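Let's take a walk through this protein together, one element at a time. Keep the viewer open so that you can rotate the model as you read.

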Amino acid sequence: MTVTRAGFVGLAGRPNVGKSTLVNAIVGSRVAIVSMRPQTTRRAVRGIATDLETGRQLVIVDLPGVQKPRDVLTERMQRRVERELADSDLALLVVDGEQGIGPGDRFIARALLGANAGLPTLCAVNKVDRAGPNQLVPVLAEAAELEGVDEVFPISARSGEGLDALIGRLGELLPEGPYLYPPEEHSDQPGETMLAELIREQVLNRTREEIPHSVEVNVKEVGPREDGLITVRAEVWVETESQKGILIGRGGKKVGEIGSAARRSLEAELGAKVHLDLQVRVRSHWRRDEGLLDRLGIE
């Protein structure tokens, strides 16, 4: 009988080092949205990767970026990071092999150690497909010297280079025990949360300046129609009328672009044609509203 291993892997790193891309690559399914915008991840997204042959289940927790809290939303995000790391069995620090090791990476390494001093910590040096050998060698050496880091793995989340070795080592370090989730599951996110995140991803990719951080998406309804389409009714929240105007765009052009792109993502997720009803609403100071953040599942 195969001895099973299962556990939580807390994934941390600076913005734009490729954490969400790595989660999706390890899981083999899209469970985390990807954007060039910093602080894209607001919730601790769990991606579940089960290998029935080896009897190992990795639960990869894509954490919000470690940051200095500036409002109720970011305070909650930071507390969630600390809680998740304290409860993790392993930590995986992701750094950018193209940019090299900076003060932010050292700060996060110390934060990992502070959250759980006995936590086995691996470091994935990502984007090695973009870095030349002369550029990569010193980055790998610096990564090995980061506080608390036990082992270093050069990888490319985008191309898959080095992933097998990293996944294999993570699996070896998991504690023995039964699977934590059914093997067929890829994420613990409610379906409507994932749909909302897919819409928010398209907002992030098509806006700039103050808009990304002030946006949230709330899916109000998902249901089949008689003609076979699935209706998704959703609201995009911003905090000011000027932000609403930017998001809608002249003649509704911007929100139309967002809606078209989001509909394609929703159809890929749901495996069916979608009618997307997308409205832009002003909800002043929603990031400070404790009750609203509770309902959104941002703990």
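The paragraphs below go through a sheet and its helices, then a loop residue, and then a second group of strands and helices.

Please keep in mind that this is a predicted model. A good place to begin is the open sheet of 6 strands, whose order is β2-β3-β1-β4-β5-β6 and whose pairing is mixed. At its edges stand β2 (45-51) and β6 (151-154); each has a single partner strand, so one side of each is left without a neighbour in the sheet. Direction ignored, neighbouring strands of this sheet are turned by 25° against each other on average.

Now zoom in on one pair within that order. Strands of a sheet pair through backbone hydrogen bonds, in either a parallel or an antiparallel way. For β4 (residues 90-96) and β5, the sense is parallel, and the pairing runs over 6 bridges. If you want a residue to anchor your view, pick Leu-92, which stands opposite Leu-122 in β5.

Helices pack on this sheet too. Helix α1 (residues 19-27) touches β1 (5-13), β2, β3 (56-62) and β4, and its direction makes about 160° with that of β3. Helix α4 packs on the sheet as well, touching β5 and β6, and its direction makes about 160° with that of β5.

Between β5 (121-126) and α4 (133-144) there is a loop, and Lys-127 lies in it. What is the phi of Lys-127, which is not a glycine? The angle is positive, about 65°. Is this lysine buried or exposed? With a relative accessible area of 15%, Lys-127 falls under the 20% cut-off, so it counts as buried.

Next, turn to strand β7 (residues 216-224) and β8, which pair in the antiparallel sense over 8 bridges. Val-219 has Ala-234 in β8 as its bridge partner. The hairpin of these two strands has 5 residues between them, and there Gly-228 takes a positive phi near 95°. On to the pairing of β8 with strand β9 (residues 274-282): this one is parallel, over 9 bridges, and Val-232 has Leu-276 in β9 as its bridge partner. How enclosed is strand β8 (residues 230-238)? Of its 9 residues, 8 are buried, so the strand is largely enclosed by the rest of the structure.

The last stop is a set of helix contacts. Two packed helices are described by the angle between their axes and the distance between the axes. Helix α6 (residues 191-205) and helix α9 (residues 253-270) have axes that come within 9 Å and cross at roughly 145°, and the crossing is right-handed. Among the residues making the contact are Leu-195, Leu-198 and Ile-199 of α6, together with Ala-261, Ala-262 and Leu-266 of α9. By class, the residues of this contact divide into 10 nonpolar, 2 polar and 1 charged.

Helix α6 also invites a quick geometry check: at 1.5 Å a residue, its 15 residues should span 21 Å, and its end C-alpha atoms are 22 Å apart, which agrees. Since 12 of those 15 residues are buried, α6 is largely enclosed by the rest of the structure. The buried residues include Glu-197, Arg-200 and Glu-201.

Helix α9 has a contact with helix α8 (residues 241-248) as well: the two pack at an angle of about 65°, with their axes 5 Å apart. Ile-246, Leu-247 and Ile-248 of α8 meet Lys-253, Lys-254, Val-255 and Ile-258 of α9. These residues divide into 5 nonpolar, no polar and 2 charged.

Conventions: Residues numbered from 1 in each chain as written. Predicted model: local features only at pLDDT ≥ 70, side-chain atom pairs only at ≥ 80, totals over all residues. Heavy atoms only, no water. Helix = DSSP H or I, 4+ residues; strand = E, 2+ residues; numbered from the N terminus. Buried < 20%, exposed > 50% of the residue type's maximum accessible area, 1.4 Å probe, protein only. Pairing = 2+ DSSP bridges. Axes fitted to C-alpha atoms, helices over the stretch in contact; angles between N-to-C directions. Contact = heavy atoms within 4.5 Å. Left-handed = near helix turned anticlockwise from the far one by under 90°. Nonpolar A, V, L, I, M, F, W, Y, C, P; charged D, E, K, R; others polar. Expected span 1.5 Å × (residues − 1).
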